[in-house]
Amino acid sequence: ARAAVPRGASTREIASRLYTAVRDGIRYNPYVSMRSPESYRASSVLAAGNGYCVGKAALYAAACRVHGIPALVGFADVRNHLTTEKLRQSMGSDLFTWHGFTEVFVDGAWRKATPTFNDTLCAKLGVKPLDFDGHSDALLHPFDGEGRAYMQYVNDHGSYHDVPAKFLMREMAREYANMQ
């Protein structure tokens with residue numbers, strides 16, 4: 001967390017640089033075992049170099065906290081209209097329940113940011129990487145590069161100080177029984 005931020009950076013710049021470091025430095029992997037507590041633990045995601053949305057959100061929150069920026073992990077159900085056929089078959093749906101994002105407290109307000117999709121994955125999908133400037137929310141891409149519906153927030157589950165890993169492991173097993 002300290003290596004990604006130059007000395008003397010503002011809170012907004014710290015939040016933005018850490019976001020980019022997690023977004024691009026940790027590869028998005030929707031096939032991690034959602035039944036393992038390691039998939040939800042920031043230190044494990046950092047060590048593995050990959051994770052899915054919840055683990056990446058937890059890592060971003062932890063990195064912000066290292067720099068004294070209050071952070072929460074938020075959850076929402078999102079519909080990914082352009083998910084790959086392989087992932088849709090594995091999940092049995094294009095609805096991603098309990099998608100993880102991060103809320104950071106910058107300049108007197110809570111800002112929402114989703115460091116999920118790394119730049120190389122975005123390039124493969126023809127989508128511009130989602131940027132976070134530390135001021136405006138950066139949730140998910142509403143449209144892809146061709147203007148088609150891409151991501152849609154369906155249901156907000158609120159934000160938490162810590163990832164409710166045991167609860168999420170049960171929910172993922174129930175929601176996505178065919179996934180490991």
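**Buried cysteines, a histidine contact and two internal cavities**

C53 counts as buried, with a relative accessibility of 7%. This value, like those below, was computed from a predicted model. C64 is also buried, at a relative accessible area of 0%.

The cysteines were examined for pairing. The whole structure was searched, and zero disulfides were found. C53 takes part in none; the nearest cysteine sulfur belongs to C122 and lies 14 Å away. A disulfide requires two cysteine sulfur atoms within 2.5 Å. For C64, the closest cysteine sulfur is that of C53. The separation is 17 Å, so the two sulfurs are too far apart for a bond.

H99 is another buried residue, with a relative accessibility of 4%. H99 belongs to strand β4, which spans residues 95–106. Setting aside residues up to four places away in sequence, H99 touches C53, G74, F75, A76, V78, T114, T116, L140 and Y153. The contact with Y153 has a polar component: the two side chains make a polar contact of 3.4 Å.

Y153 has a further polar partner. The side chains of T114 and Y153 are joined by a polar contact of 3.5 Å. The side chain of Y153 therefore makes polar contacts with the side chains of both H99 and T114, given a cut-off of 3.5 Å between N or O atoms. T114 is buried, at a relative accessible area of 2%. T114 sits in the loop between β5 (109–113) and α5. Beyond its neighbours within four places in sequence, T114 is in contact with Y19, H99, G100, F101, L130, A138, L139, L140 and Y153. H99 and T114 thus appear in each other's contact lists, since contact means heavy atoms within 4.5 Å.

Internal space was assessed next. Two cavities of 30 Å³ or more were found in the whole structure. The largest has a volume of about 90 Å³. Its lining consists of Y28, P30, M34, Y52, C53, M91, F96, T97, W98, H99, M172 and Y176. Strand β4 supplies the largest share of this lining, with four residues. By class, 10 lining residues are nonpolar and two are polar, with no charged residue.

The second largest cavity has a volume of about 50 Å³. Y28, C53, V78, F96, H99, T116, F117, L140 and M151 form its lining. Seven of these residues are nonpolar and two are polar; none is charged. C53 and H99 line both cavities, as do Y28 and F96. Among the residues that H99 touches, V78, T116 and L140 also line the second largest cavity.

P129 presents another setting. This proline lies in the loop between α5 (119–125) and β6 (151–160). P129 is partly exposed, with a relative accessible area of 24%. The limit for burial is 20%, so P129 does not count as buried. Apart from neighbours within four places in sequence, P129 is in contact with R23, D119, C122 and H141. The C-alpha atoms of P129 and F117 are separated by 7.2 Å. These two residues are 12 positions apart along the chain. F117 is also one of the residues lining the second largest cavity. C122, a contact of P129, carries the cysteine sulfur nearest to that of C53.

Conventions: Residues are numbered from 1 along each chain as its sequence is written. This is a predicted model: local features need pLDDT of at least 70, side-chain atom pairs count only at pLDDT 80 or more; totals for chains, interfaces and linings use all residues. Side-chain values use heavy atoms; hydrogens and water are left out. Buried means under 20% relative accessible area, exposed over 50%, partly exposed in between (1.4 Å probe, protein chains only). Helices (H or I, at least four residues) and strands (E, at least two) are DSSP runs, numbered from the N terminus. A polar contact is a pair of N or O atoms within 3.5 Å; within protein, one must be able to donate a hydrogen and the other to accept it, and residues adjacent in sequence count only if both atoms are side-chain atoms. On a 1 Å grid over the protein atoms alone, a cavity is a set of points where a 1.4 Å probe fits but cannot get out, and a pocket is an open set with protein on both sides within 12 Å along at least five of seven lines; lining residues have an atom within 4 Å of a point. Grid points are joined across faces, edges and corners, and a volume is the space filled by probe spheres set on the points. Ala, Val, Leu, Ile, Met, Phe, Trp, Tyr, Cys and Pro count as nonpolar, Asp, Glu, Lys and Arg as charged, and the others, Gly among them, as polar.
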